[in-house]
Amino acid sequence: MAVKQLASCIFCKIIKGEIPSYKLIETEFSFSFLDIGPLSKGHALIIPKYHAEKLHELPDEHLTDVLPIAKKIAAAQGVPDYNILQNNGRIAHQEVPHVHFHVIPKPSTSDDEGLVIGWPVKKFEKDEMEKIYDAIKQKL
Ligand code: AMP
Ligand code: ZN
């Protein structure tokens, strides 16, 4: 299914033009526009034209449409360093419950522009690592 929308969703409204946006690229499956709360100049969002809250709920044709758009936008932003970010669920920092991919330029001129992330590495013993591996692998 190419398009599925939810009337009350802010990003579905942007796709339909009911809320204005700084539109960038639109395809059969996706819509992209500037983020109104940017972390740096040119911070953009890419959204599927299929209302799903989380990435794993999306049909594959919507997923495969996104990365070529991200590639074009990242090249057009004119900054060599950037992050692609995609949050799923409230405690994982998702504020808008419609799947979206951020393309966030990381300017070299300022530490506080662009994405700033924590990376709290955990240590698992070998047997625990193997249990984790087996549990995931058997569900793939
Ligand atoms: P997330 O925290 O991953 O859910 O990010 C949601 C993003 O959507 C935030 O960066 C907001 O600034 C952005 N956003 C929310 N409403 C709009 C809007 N109407 N137009 C553009 N960006 C928006
Ligand atoms: Zn939606």
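**Strand pairing and salt bridges around β2**

In this predicted model, strand β2, which spans residues 30–34, is mostly covered, with 4 of its 5 residues buried. Strand β1 (residues 23–26) runs antiparallel to β2 and is joined to it by 2 bridges, and the connection between β1 and β2 is a hairpin of 3 residues. Within this pairing, Glu26 stands opposite Phe31 of β2. Strand β2 is also joined to strand β3 (residues 44–48), in this case by 5 bridges and again in an antiparallel arrangement, and here Phe33 has Leu45 of β3 as its bridge partner.

The structure contains 4 salt bridges. Among them, Glu26 is paired with Lys23, with 2.6 Å between the closest N and O atoms, and the side chain of Glu26 also meets that of Lys49 in a salt bridge, at 2.8 Å from N to O. Because Lys49 lies in the loop between β3 and α2 (60–77) whereas Glu26 belongs to strand β1, this pair ties together parts that are 23 residues apart in sequence. Lys23, Glu26 and Lys49 are thus linked in a network of salt bridges. With regard to solvent accessibility, Lys49 is buried, at a relative accessible area of 11%, whereas Glu26 is partly exposed at 37% and Lys23 is partly exposed at 45%.

A further salt bridge is formed between the side chains of Glu18 and Lys16, at 3.9 Å from N to O. In this pair, Glu18 counts as exposed, with 52% relative accessibility, while Lys16 is partly exposed, with a relative accessible area of 37%.

Methods. Residues are numbered from 1 along each chain as its sequence is written. Chains are lettered from A and ligands numbered from 1 in the order in which they are written. This is a predicted model: local features need pLDDT of at least 70, side-chain atom pairs count only at pLDDT 80 or more; totals for chains, interfaces and linings use all residues. Side-chain values use heavy atoms; hydrogens and water are left out. Buried means under 20% relative accessible area, exposed over 50%, partly exposed in between (1.4 Å probe, protein chains only). Two strands pair if DSSP finds at least two bridges between them.
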